[in-house]
Amino acid sequence: MIETIETPTLVRQAHDLDVPSLVDMGMQFANHYPVASEVDPYALDATIRQLIANDDAAVLVVSHQGSDPYAVLVGMEIGLWFAPDTRVASELAWWVDPSHRGGSAGVRLIRAFERWAKARGIEHVCMSDIQTNDSASAGPLIERQGYQLQERSYIKRVSTDHGSS
């Protein structure tokens, strides 16, 4: 009989060795985001490294022990534009590799982000989801975690000229 050994799944802060996997996830994420027609992987790499080094940012990943991450949640502590002293933890990106969806990775990332926010004295966490024709909305999952729909965003392309204003 073959014994199977389960590898522990970890939720942790990302580090520089995770950046190639996070760039891959970012490129996949961009394929589902209507305004991200051209993503420069080198600029994405630099942005991820800046976020990892930023004390006001959380770059949380899920991985099996000793393996590359397969899920990420990126968020920042920000002040509301109309009440700058009201600090919120705002999710910027949240991605679970399609082969790992339906498991616990997404929920574990939300809970880790909430713990990160609480440790910083932040009272509110903002999560979002992308509405696309080819993937299920994460809205119901977010609502099951106690979140309420607060606002919606709409996107419209107003120019195809990327070089001038």
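R101 lies over the face of W95, 4.5 Å from the ring centre. A charge counts as over a ring if NZ of Lys or CZ of Arg is within 6 Å of the ring centre and within 35 degrees of the ring normal. This is a predicted model, in which local features need pLDDT of at least 70, side-chain atom pairs count only at pLDDT 80 or more, and totals for chains, interfaces and linings use all residues. Residues are numbered from 1 along each chain as its sequence is written, and side-chain values use heavy atoms, with hydrogens and water left out.

Start with the overall layout. The chain has four helices and five strands. Helices (H or I, at least four residues) and strands (E, at least two) are DSSP runs, numbered from the N terminus. From that end, the order of elements is β-α-α-β-β-β-α-β-α. The chain has 165 residues, and 31% of them count as buried. Buried means under 20% relative accessible area, exposed means over 50%, and partly exposed lies in between (1.4 Å probe, protein chains only). Contacts are heavy atoms within 4.5 Å. Among contacts between residues at least 6 apart in sequence, 59% join residues at least 24 apart.

Now return to the rings. Rings of Phe, Tyr and Trp (its six-membered ring) pair if their centres lie within 6.5 Å; planes under 30 degrees apart count as stacked, over 60 as edge-to-face and the rest as tilted. By this rule there are three aromatic pairs. One of them joins F29 and W95, edge-to-face, with 6.3 Å from centre to centre and 85° between the planes. F29 belongs to helix α1 (residues 19-31) and W95 to strand β4 (residues 83-96), so this pair ties together parts 66 residues apart in sequence. W95 is buried, at 7% relative accessible area.

F113 and W116 make a stacked pair, because their ring centres are 5.6 Å apart and their planes are at 15°. Both residues lie in helix α3 (residues 105-119), three residues apart, about one turn of the helix. F113 is buried at 0% relative accessibility. W116 is buried too, at 14%.

Next, follow strand β4 to E91. What is the nearest side chain of opposite charge to E91? It is R101, 12 Å away, and E91 is buried yet has no salt bridge. A salt bridge needs a side-chain nitrogen of Lys or Arg within 4 Å of a carboxyl oxygen of Asp or Glu. For charge, Lys and Arg count as positive and Asp and Glu as negative, while His and the chain ends are not counted. The E91 side chain does reach the backbone nitrogen of A93, at 3.2 Å. Leaving out residues up to four places away in sequence, E91 touches L73, V74, G75, F113, C126, M127 and S128.

S90 also has its place in strand β4. S90 counts as buried at 16% relative accessibility. With residues up to four places away left out, its contacts include V74, G75, F113 and C126.

Last comes L60, in strand β2 (residues 57-64). L60 is buried, at 7% relative accessibility. Beyond its neighbours within four places in sequence, L60 is in contact with R12, Q13, A71, V72, L73, L109, A112 and F113. L60 and G75 are 15 residues apart in sequence and 8.5 Å apart in space, C-alpha to C-alpha. F113 thus links these stops on the tour: it is among the contacts of E91, of S90 and of L60.

Key: A polar contact is a pair of N or O atoms within 3.5 Å; within protein, one must be able to donate a hydrogen and the other to accept it, and residues adjacent in sequence count only if both atoms are side-chain atoms.
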